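User: I want to go through the labels on this model and see what backs each one. Can we take them in turn?

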Amino acid sequence: VSETVIAMLATTGIGAIWTTCSPDFGVQSILDRFGQTEPKILIAADGYHYKGRQHSITDHVDHLRQQIPSIKSVVTVPILGSHDPIGVTWDKALDTGAALNKDDEPAYVATPFNHPAFILYSSGTTGKPKCITHSAGGTLLQHAKELRLHTDLSEKDTHFFFTTCGWMMWNWLTSTLQTGATTVLYDGNPFHPQTDTLLKMIEREGVSAFGAGARYYAELEKQGIKPAETFDLSSLKTVMSTGSPLSPASYQYIYRNIKEDLCLASISGGTDIISCFALGNPVLPVREGELQCRGLGMDVDVLNEEGQSVIGEKGELVCKTPFPSMPVGFWGDKNGEKYHNAYFDKFDQIWAHGDFAELTPEESVIIHGRSDTILNPGGVRIGTAEIYRQVEKIDEVIESVVVDQAWEGDTRIVLFVRLRPDVALDEALTKKIRTTIRSNTTPRHVPATIAAVPDIPRTFSGKTVEMAVKSIINGQPVNNLGAISNPESLDFFKRIPGITTPKEDSSHL
């Protein structure tokens, strides 16, 4: 909502530090984050809307105020119009500020380039979230490059990216203001009240640069939506995708059914750098399944396990020299040990990002998945995205998660699929999935076993939590359930015939 952007600009304008969680986070998840960074002022909605329903969070806000001693003031933004707001209301805070500032002019505070401006949080799926602290100058400079040059935004444009305020794409979106372009905000489910809700918004608002997670485009295709036949998308010049690799099928769908004449930019980076390592380029060709180029001024490379640069081979995505949006550190990490271990432990003095990637001869980039979830049957390294690209082609499957499981002295690939309500995982569909994967990859990619599940765990920013599923089927505990937006989805994984044995299942959750 607009109040969030206004509050961020006011905070950074006086040299203070801004940090956010989305209102749909569970209260423990927020405590795990804000409890480490110890904010002085808490600005909170009284609730939020989702799929047409109201969700009050005033109890959460009150609990946070009591549990975090550093909080001195609470400002409530009346999204639901609560009659009993906690602290002062947004309007009251504005009136107080106006009364104190007779000149009605903002008093900006100059800060050093590396002054902390934003604290972002890792997903926290393997432990307490890391408090990644980003500088004012580094963030501003990096975003200026990515928005003005890579995305080609100017004062003539209107930019939208579907994101919560708890994801780094929100920071990226709000930085659009420095280009003079209009920023469009959206609050709620992207498929409510209709599947084409955001498409209507493109037409109504004249959006020229539109972004969403890769799953959004896959779902449009599975729903049979053909935007070009229904909406006036003449304003649209750039479509962006992130969160997970965009499948070749989605590339084809976007050009066939959304618009032929546009720059389709699959982008990749993350919370760690509040920006991108690989992203779009309005003057280069678009190749399906590939990210157009490495970020300008970023010494991005792919290294094999021996630390050698490779082209046309899979390896670790790295950045070999410093770049503006490197974090200034982790909040509370006084000796920098956690920061060093997170990025510089794999290669000496080289940032290892944790992505399994490939640099093509044309210098485009392919992301094959996360390094920590690489599948390794028979010693062959396989990125999870290679399998997801094939499964997404199958209409009966809504989404999937693939992991490896220790099995008879080696590992085997296990695929879980969430199917459409009227579909069952019978022998014919199982064969179809295996054949699709085998025909487009290699026999090594074919899962040893496939199971249907009612839901798949994901983070609050919508990313599939592969590590939680992997832990369960390997008989290991799942750390930090509070980082998962739908932890109840894990219950089904605890006892699946032929995959999870009763002994493995005992009481890890």
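User: Which residues is Glu 399 in contact with, leaving aside its neighbours within four places in sequence?

Analyst: This is a predicted model. Glu 399 is in contact with Arg 215, Phe 416, Val 417, Arg 418, Asp 455, Ile 456 and Arg 458, leaving aside neighbours within four places in sequence. Glu 399 itself lies in strand β22, residues 397-407.

User: Why is Glu 399 called buried?

Analyst: Its relative accessible area is 7%. Buried means under 20%. Therefore Glu 399 counts as buried.

User: What makes the pairing of Glu 399 and Arg 418 a polar contact?

Analyst: Their side chains are joined at 2.8 Å. The cut-off is 3.5 Å between N or O atoms, with one able to donate a hydrogen and the other to accept it. The side chains of Glu 399 and Arg 458 also make a polar contact, at 2.6 Å.

User: How do you know that Cys 263 is in no disulfide?

Analyst: The closest cysteine sulfur, in Cys 293, is 9.1 Å away. A disulfide needs the sulfur atoms within 2.5 Å, so this pair is too far for a bond. A search of the whole structure finds 0 disulfides. For Cys 131, the nearest cysteine sulfur is that of Cys 21, 9.6 Å away.

User: Are Cys 131 and Cys 263 buried or exposed?

Analyst: Cys 131 has 2% relative accessibility. Cys 263 has 13%. The limit for buried is under 20%, so Cys 131 is buried and so is Cys 263.

User: Which residues line the largest cavity?

Analyst: The lining is His 150, Thr 151, Thr 238, Met 240, Cys 263, Ala 265, Ile 267, Leu 279, Gly 280 and Pro 282. Strands β12 (238-242) and β13 (263-266) each give two or more residues to it. The lining divides into 6 nonpolar, 4 polar and no charged residues. The space inside is about 60 Å³.

User: Why is Glu 363 called partly exposed, and what is notable in its phi?

Analyst: Glu 363 has 45% relative accessibility. Buried is under 20% and exposed is over 50%, so a value in between is partly exposed. Its phi is near 70 degrees, a positive value in a residue other than glycine. Most residues other than glycine have a negative phi.

User: What is the phi of Ile 274, and is this residue buried or exposed?

Analyst: Phi of Ile 274 is near 45 degrees, again positive. Ile 274 sits in the loop between β14 (268-270) and β15 (275-279). At 0% relative accessible area, against a limit of under 20%, Ile 274 is therefore buried.

Note on methods:
Residues are numbered from 1 along each chain as its sequence is written. This is a predicted model: local features need pLDDT of at least 70, side-chain atom pairs count only at pLDDT 80 or more; totals for chains, interfaces and linings use all residues. Side-chain values use heavy atoms; hydrogens and water are left out. On a 1 Å grid over the protein atoms alone, a cavity is a set of points where a 1.4 Å probe fits but cannot get out, and a pocket is an open set with protein on both sides within 12 Å along at least five of seven lines; lining residues have an atom within 4 Å of a point. Grid points are joined across faces, edges and corners, and a volume is the space filled by probe spheres set on the points. Helices (H or I, at least four residues) and strands (E, at least two) are DSSP runs, numbered from the N terminus. Ala, Val, Leu, Ile, Met, Phe, Trp, Tyr, Cys and Pro count as nonpolar, Asp, Glu, Lys and Arg as charged, and the others, Gly among them, as polar. Buried means under 20% relative accessible area, exposed over 50%, partly exposed in between (1.4 Å probe, protein chains only). Contact means heavy atoms within 4.5 Å.
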